[in-house]
Amino acid sequence: MDILIKIAQLFLCFTILVGIHELGHFLMARAFKIRVEKFYIFFDPWFSLFKFKRGDTEYGLGWLPLGGYVKIAGMIDESMDKEQMKQPVKPDEFRAKPAWQRLLVMVAGVMMNVLLAIVIYCAVCYTWGDSYFSNQDAKWGYNFNPTAHEMGFRDGDRFVSIDGEEIDNVMRVQNDLLITDGGRRVVVERGGEPVTLDIPFESLLRMRQEKAYEDLFTLRLPFIVDSVSYTSAVEAGLESGDEVVAIDDLRDADYPRYRDYLQKHKNDKVLLTVRRDGALIDSLALPVDAEGRIGVTVTNPYSLRTQYYTFWESIPAGIHKAGKTISSYWDQLKLIVQPKTKMYEELGGFV
């Protein structure tokens, strides 16, 4: 049943997109007094499910759910009506109009789709706002995959800027880093100090070719105590809100590494160093049980930020988001046609 619903959703979305697109051609043609012979939702080979005529235009619903079409007099379109072209030109035909009008009729479909995208973005901004993860909240930095390490990144680095543009929305980092026809200059914060990484284009190209951008970086999860359940942990002085910054000689690691360390020291004792209210407290001796636990739960300090908009604020926000999306598509298209980027090798068929 789920697959049928998904198929129905696909055809519905496709129909809406194509219908809006064809409506653009239709409205622009009518604006220039060009005769529109047909406007159909779905295609109608051999027969239609429903139709009626108003003026010179036949409106109908076809049976083949592959979008729809508009048949403009004097224009070879989806109907492939070449016979009409053999007849004398009539004043209300597409081919009788000046070039600028014909151009506007042809591009009106695309412009309607752009307008639809803007409306959708505005509606999304107004209804749900814009949720994102802020780089400012990544206080503990990121962990990087081996390819990123080869480029000079180190676990714990926090992004500052790419080519001089300050980073806030972390969800855009990967796209901003890879969509380029040259190298990138990345500034990271490491140990409280700025470090500049000049990443050559060849390294970014190899990353794309090897798909090494998957899991390029992940948030470092700190070991922050949420609650204390073992009596031994309470007696040792561990409190909710403490941040574990060292276990024995293992320091400045993230929670997964500390957890692995505890797993290797089952039925043993460890010394913890924690940060509490900005001060370090060390030598907290805790026993590790047979399952590698010390009797605490860990909290996740991260959360998404959401920018909410009023109705009037959502309009420029939606236009901005649509513009950024179109700009990103354009940048990717330019890269595809540039031989040195070799992005054409990543193209595939529709299926």
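Which residues form one aromatic cluster? In this predicted model, the members are F26, F39, F50, F52 and Y59. The wider tally of ring pairs comes to 23 aromatic pairs.

Two of the pairs are worth a closer look. A pair of aromatic rings is described by the distance of the centres and the angle of the planes. For F144 and F159, those numbers are 5.8 Å centre to centre and 80° between the planes, which makes the pair edge-to-face. F144 sits in strand β6 (residues 142–144) and F159 in strand β7 (residues 158–162), so this contact ties together parts that are 15 residues apart in sequence. Both ends are tucked away: F144 is buried, with a relative accessible area of 8%, and F159 is buried as well, at 2%.

The other pair, F223 with Y258, is tilted, with 6.1 Å centre to centre and 50° between the planes. Here the link runs between distant parts of the chain, with F223 in strand β12 (residues 223–228), Y258 in helix α7 (residues 255–263), and the two positions 35 residues apart in sequence. Again, F223 and Y258 are both buried.

On to the sheets. Strands β8, β7, β9 and β10 line up in that order as an open sheet of four strands, with antiparallel pairing. The edges are taken by β8 (165–166) and β10 (193–199), each of which pairs on one side only. So F159, one of the rings described above, belongs to a strand, β7, that has its place in this sheet between β8 and β9. Strand β9 (residues 184–190) and β10 run antiparallel and are joined by seven bridges; one of the matched positions is V186, whose bridge partner in β10 is L197. In a regular strand the side chains alternate between the two faces of the sheet.

Further along the chain, β15 (residues 269–276) has partners in both β13 and β16. With strand β13 (residues 243–247), β15 runs antiparallel and shares four bridges; A246 stands opposite T273 of β15. With strand β16 (residues 279–287), the arrangement is also antiparallel, and the count is seven bridges. L271 finds its bridge partner in A285 of β16. β15 and β16 make a hairpin with two residues between them, and D277 in the turn has a positive phi of about 55°.

What about the cysteines? The structure holds zero disulfides. The sulfur of C122 has its closest cysteine sulfur in C125, but that one is 6.7 Å away, so the gap is too far for a bond. The view from C125 matches: this residue is in no disulfide, and the nearest cysteine sulfur, that of C122, is 6.7 Å away. Both side chains belong to buried residues, with C122 at 12% relative accessibility and C125 at 1%.

Finally, the surface. A nonpolar patch made of M1, I3, L4, I5, I7, F11, F14 and L66 adds up to about 790 Å² of accessible area. Helix α1 (residues 2–31) supplies the largest share of the patch, six residues. One of the patch members, L4, is placed in helix α1 and counts as exposed, at 54% relative accessibility.

Methods. Residues are numbered from 1 along each chain as its sequence is written. This is a predicted model: local features need pLDDT of at least 70, side-chain atom pairs count only at pLDDT 80 or more; totals for chains, interfaces and linings use all residues. Side-chain values use heavy atoms; hydrogens and water are left out. Rings of Phe, Tyr and Trp (its six-membered ring) pair if their centres lie within 6.5 Å; planes under 30 degrees apart count as stacked, over 60 as edge-to-face and the rest as tilted. Buried means under 20% relative accessible area, exposed over 50%, partly exposed in between (1.4 Å probe, protein chains only). A disulfide is a pair of cysteine sulfur atoms within 2.5 Å. Patches are made of residues with over 30% relative accessible area and no salt bridge: like charges are joined within 9 Å, nonpolar side chains (Val, Leu, Ile, Met, Phe, Trp, Tyr) within 5 Å. Accessible areas come from the Shrake-Rupley method with a 1.4 Å probe; for residues, only the protein chains shown count as cover. A salt bridge is a side-chain nitrogen of Lys or Arg within 4 Å of a carboxyl oxygen of Asp or Glu. Two strands pair if DSSP finds at least two bridges between them.
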